[in-house]
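Student: Please take a close look at one part of this structure, the aromatic pairs, and explain how they are described.

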Amino acid sequence: MLIGLVVLNAEALLAYKTVPGTKKLKKLVHITLQFLAMFLSLVGLWAVWKFHDEKEIDHLYTLHSWLGLSCIIIFSLQWAAGFLTFWYPGGSRSNRASLLPWHVFLGVFLYVLAIATSVTGLLEKSIFMQSAKMIGRFSTEAMLMNSLGMMLILLGALVILAIFNPGAGKIDTYRGSSE
């Protein structure tokens, strides 16, 4: 799920700024990476659900699970709406123009939600392991999980900065790039 909703999602969000070529190619890369992110997330959800069933652990009782399920559901709806509106069959030019700001906002919101879900997952695992006396509060493992959480937050901030930084994405426009 981390690879899907954090890593591939970030790559997809940045595709319009980092992929050289036509707008159609950038859109194809964006939607393909988002599909792979959604697929990996659904596989991850299935694996977690199966693990909980096998270990007879309750489902959906933590904030992490609620955030994660919300993220996957909204992400899937966002992908379907984006596919139908911006790819195939595609909405009218005016519909696409009016929906684009909302699509961008929801995409960034979902990325922030994925980061928050990942960090709460690390926190949850750390608390469970400390409660079971598997690790100490200041153990190497606990510090590693805290460091990973901080790096995820930094990654999220850098990705969002890159999305809203007008510098890189506008270069193609000035050079006369077209669809």
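Tutor: What follows deals with the aromatic rings and how they pair. This is a predicted model, in which local features need pLDDT of at least 70 and side-chain atom pairs count only at pLDDT 80 or more, while totals for chains, interfaces and linings use all residues. Residues are numbered from 1 along each chain as its sequence is written, and side-chain values use heavy atoms, with hydrogens and water left out.

The structure holds four aromatic pairs. Rings of Phe, Tyr and Trp (its six-membered ring) pair if their centres lie within 6.5 Å; planes under 30 degrees apart count as stacked, over 60 as edge-to-face and the rest as tilted.

One of the pairs is Phe35 with Trp79, which is tilted, at 5.5 Å centre to centre and 50° between the planes. Phe35 lies in helix 2 (residues 23-54) and Trp79 in helix 3 (residues 63-87), so this pair ties together parts 44 residues apart in sequence. Helices are DSSP runs of H or I, at least four residues, numbered from the N terminus. Phe35 counts as partly exposed because its relative accessibility is 39%, and Trp79 counts as buried at 19%. Here buried means under 20% relative accessible area, exposed over 50%, and partly exposed in between (1.4 Å probe, protein chains only). Phe35 and Trp79 also form one aromatic cluster with Phe83.

Another pair, Trp102 and Phe105, is edge-to-face, with 6.4 Å centre to centre and 85° between the planes. These two residues are three apart in helix 4, so about one helical turn separates them. Trp102 is exposed, with a relative accessible area of 61%.
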